[in-house]
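Q: Could you walk me through this one and show how each label is earned? I'd like the cut-offs alongside the values.

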Amino acid sequence: MFSKTTLVVSAFAAAIVASFWSSGSAVSGESSLQGGNVRYRPIQSISYEFGSKIASGYFVQQNSVCRVTLMIAEKIDPGLPSPTAARVRVMLDPGQVVGFDSDEGRSISLTCGEDAAMLVVSYGDRDKLIEQEDAAIADTTDKWVVLRAGSTESPRALPPR
């Protein structure tokens, strides 16, 4: 018969294994020239190299919004003095995307998931990521409902064109 302590230790071990597995998929994808997508949960560490840049940070779920904090800096030789990094703070509604590009044609895009419960990081060739973003915009635009002027239904609704 399992004791309460055995159950707690087993759950803790499973959480550690899941943490290594999820962070391992992100690490293995960072150096991939093919690109890909990785899903992150709130406060999970995000770290990517794209061209001559490196981005590191996390996101939190706040009032159904993804609040992303990233430090972006130049990749340099570890023996040289560290350059200063830029801190970027972005708040994304579910479905919104923000992208960061390097001069070498590599990019990362961050997409806020449903209910801000996850953040999807896409990485790879800038042109391919922009194509994906354009397709997502077209799909989203097809679904928008333009409310009549003066409507109080949604503060995020677009005004009529």
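A: Sure, let's start in a loop: Ser 64 sits between β3 and β4 (65-74). Keep in mind that this is a predicted model, where local features need pLDDT of at least 70, side-chain atom pairs count only at pLDDT 80 or more, and totals for chains, interfaces and linings use all residues. Residues are numbered from 1 along each chain as its sequence is written, and side-chain values use heavy atoms, with hydrogens and water left out.

Q: What makes Ser 64 count as partly exposed?

A: Buried means under 20% relative accessible area, exposed means over 50%, and partly exposed is in between (1.4 Å probe, protein chains only). Ser 64 comes in at 43% relative accessibility, so it counts as partly exposed.

Q: What is worth noting about the phi of Ser 64?

A: Its sign. Most residues other than glycine have a negative phi. Ser 64 isn't a glycine, yet its phi is positive, about 60°. Ala 116 is another such case, with a positive phi near 60°. That residue belongs to the loop between β7 and β8.

Q: Is Ala 116 buried or exposed, and how do you know?

A: Its relative accessibility is 0%, so Ala 116 counts as buried.

Q: And Lys 53, why does that one count as buried or exposed?

A: Lys 53 has 17% relative accessibility, which puts it under the 20% limit, so it counts as buried. It lies in strand β3 (residues 53-62). Contact means heavy atoms within 4.5 Å. Ignoring neighbours within four places in sequence, Lys 53 touches Tyr 48, Ala 73, Glu 74, Lys 75 and Ser 102.

Q: How many helices and strands does the protein have, and what pattern do they follow?

A: There are 2 helices and 8 strands. The labels are DSSP runs numbered from the N terminus: helices are H or I with at least four residues, strands are E with at least two. In sequence order you get α-β-β-β-β-β-β-β-β-α.

Q: Which strands form the open sheet, and how do they pair?

A: The order is β1-β8-β7-β6, and the pairing is antiparallel. β1 (36-40) and β6 (97-101) are the edge strands, since each pairs on one side only. On average, neighbouring strands in this sheet are turned by 20° against each other, direction ignored.

Q: How do you know that β6 and β7 pair?

A: Two strands pair if DSSP finds at least two bridges between them. β6 and β7 (residues 106-112) are joined by 5 bridges and run antiparallel, so they pass. Within that pairing, Val 97 stands opposite Thr 111, and Asp 101 stands opposite Ser 107. Their hairpin has 4 residues between the strands, and Gly 105 takes a positive phi near 90° there.

Q: Which residues of β6 are on its covered face?

A: Val 98 and Phe 100, while Val 97, Gly 99 and Asp 101 make up the uncovered one.

Q: What makes two rings an aromatic pair, and how many are there?

A: Rings of Phe, Tyr and Trp (its six-membered ring) pair if their centres lie within 6.5 Å; planes under 30 degrees apart count as stacked, over 60 as edge-to-face, and the rest as tilted. That rule gives 2 aromatic pairs. Tyr 40 and Tyr 48 have ring centres 6.3 Å apart and planes at 80°, so this pair is edge-to-face. Tyr 48 and Tyr 123 have centres 5.3 Å apart and planes at 35°, so theirs is tilted. Tyr 48 is in strand β2 (residues 46-50) and Tyr 123 in strand β8 (residues 119-125), so the pair ties together parts 75 residues apart in sequence. Tyr 40, Tyr 48 and Tyr 123 form one aromatic cluster. As for burial, Tyr 40 and Tyr 48 are buried, and Tyr 123 is too.

Q: What is the mean pLDDT, and where does pLDDT stay under 50?

A: pLDDT is the predictor's confidence in each residue, from 0 to 100. The mean is 75, and 64% of the residues reach 70 or more. Residues 1-32 are below 50, and that stretch has 13 contacts beyond near neighbours in sequence. Residues 157-161 also stay under 50, with 9 contacts beyond four places in sequence.

Conventions
Axes are lines fitted to C-alpha atoms, for helices over the stretch in contact, and angles run from 0 to 180 degrees between N-to-C directions.
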